[in-house]
Amino acid sequence: MGRFVRIDKESSPKTVLLNLDLVATVELAPQSDLLSSAGADSRKVYATFLASDKTAIATLHFDSIADANAWVKTHLGVEL
């Protein structure tokens, strides 16, 4: 049986289950690289979880790179 994490979407009643067994790569990108923004939001980062064939499985946003690193370490057991 796979390892799943429940992800609640902001501003939406929808919930997603992320199958952690499918994640082969995690890429981090500052929000400013993906969206034209400035100010306090410039510390936010996006983590994209990719399958072994580089298909994006999910993209999550975090308030800081430290939060993203902590989430990945807790759920995937690796440090970025």
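A residue is called buried here when its relative accessible area is under 20%, exposed when that area is over 50%, and partly exposed in between. With that scale in hand, select Asp21 in this predicted model: its relative accessible area is 42%, and therefore Asp21 ranks as partly exposed.

**First stop: the salt bridge at Asp21**

Keep Asp21 selected and add Arg3, with which Asp21 forms a salt bridge whose closest N and O atoms are 3.1 Å apart. Asp21 belongs to the loop between strand 2 and strand 3, while Arg3 sits in the segment before strand 1, so this pair ties together parts that are 18 residues apart in sequence. Arg3, like its partner, is partly exposed, with a relative accessible area of 40%.

**Second stop: the whole chain**

Zoom out and colour by secondary structure, which comes to two helices and five strands. Followed along the sequence, these elements give the pattern β-β-β-α-β-β-α. If you then colour by accessibility, buried residues should account for 29% of the 80 residues in the chain.

**Third stop: strands 1 and 2**

Select strand 1, residues 4-8, and show its side chains. Which of them point to the buried face, and which to the other? Val5 and Ile7 point to one face and are buried, whereas Phe4, Arg6 and Asp8 point to the opposite one and are not buried. In a regular strand, side chains alternate in this way between the two faces of the sheet.

Two residues on that unburied face deserve a closer view, for the side chains of Asp8 and Arg6 meet in a salt bridge with an N to O distance of 3.0 Å. Asp8 has a relative accessible area of 51% and therefore counts as exposed, and Arg6, at 55%, is exposed as well.

Now add strand 2, residues 15-19, which runs antiparallel to strand 1 and is joined to it by five bridges. Across this pairing, Arg6 stands opposite Leu17 of strand 2. The two strands form a hairpin with six residues between them, and in the turn you can pick out Ser11, whose phi is positive at about 55 degrees. Most residues other than glycine have a negative phi.

**Fourth stop: the sheet of strands 3, 4 and 5**

Move next to the open sheet of three strands, where the order is 3-4-5 and the pairing is antiparallel. Strand 3 (25-30) and strand 5 stand at the edges, each with a single partner strand, so that one side of each is left without a neighbour in the sheet. Neighbouring strands here are turned by 20 degrees against each other on average, with direction ignored.

Select strands 3 and 4 together to inspect their antiparallel pairing, which extends over six bridges. Within it, Val26 stands opposite Phe49 in strand 4. Then pick Val45, also found in strand 4, which at 5% relative accessibility counts as buried because it falls under the 20% limit. A distance drawn from the C-alpha atom of Val45 to that of Leu28 should read 6.6 Å, although the two residues are 17 apart along the chain.

Continue from strand 4 (45-50) into the loop that leads to strand 5 (56-62), and stop at Lys54. This residue has a positive phi of about 75 degrees although it is not a glycine. Is Lys54 buried or exposed? Its relative accessibility is 52%, and so Lys54 counts as exposed.

**Fifth stop: the largest pocket**

Turn on a surface and look for the largest pocket, whose volume is about 290 Å³. Its lining comprises 13 residues, of which Ile7, Asp8, Lys9, Leu60 and His61 lie nearest the centre. Strand 1 and strand 5 each supply at least two residues of this lining, and strand 5 provides the largest share, with five. Coloured by chemical class, the lining divides into seven nonpolar, two polar and four charged residues.

**Last stop: Glu79 and Lys73**

A search of the whole structure finds three salt bridges. To see the one between Glu79 and Lys73, select both residues and compare their closest N and O atoms, which are 3.3 Å apart. Glu79 is exposed, with a relative accessible area of 64%, whereas Lys73 is partly exposed, with a value of 47%.

How values were computed: Residues are numbered from 1 along each chain as its sequence is written. This is a predicted model: local features need pLDDT of at least 70, side-chain atom pairs count only at pLDDT 80 or more; totals for chains, interfaces and linings use all residues. Side-chain values use heavy atoms; hydrogens and water are left out. Helices (H or I, at least four residues) and strands (E, at least two) are DSSP runs, numbered from the N terminus. Buried means under 20% relative accessible area, exposed over 50%, partly exposed in between (1.4 Å probe, protein chains only). Two strands pair if DSSP finds at least two bridges between them. Axes are lines fitted to C-alpha atoms, for helices over the stretch in contact, and angles run from 0 to 180 degrees between N-to-C directions. On a 1 Å grid over the protein atoms alone, a cavity is a set of points where a 1.4 Å probe fits but cannot get out, and a pocket is an open set with protein on both sides within 12 Å along at least five of seven lines; lining residues have an atom within 4 Å of a point. Grid points are joined across faces, edges and corners, and a volume is the space filled by probe spheres set on the points. Ala, Val, Leu, Ile, Met, Phe, Trp, Tyr, Cys and Pro count as nonpolar, Asp, Glu, Lys and Arg as charged, and the others, Gly among them, as polar. A salt bridge is a side-chain nitrogen of Lys or Arg within 4 Å of a carboxyl oxygen of Asp or Glu.
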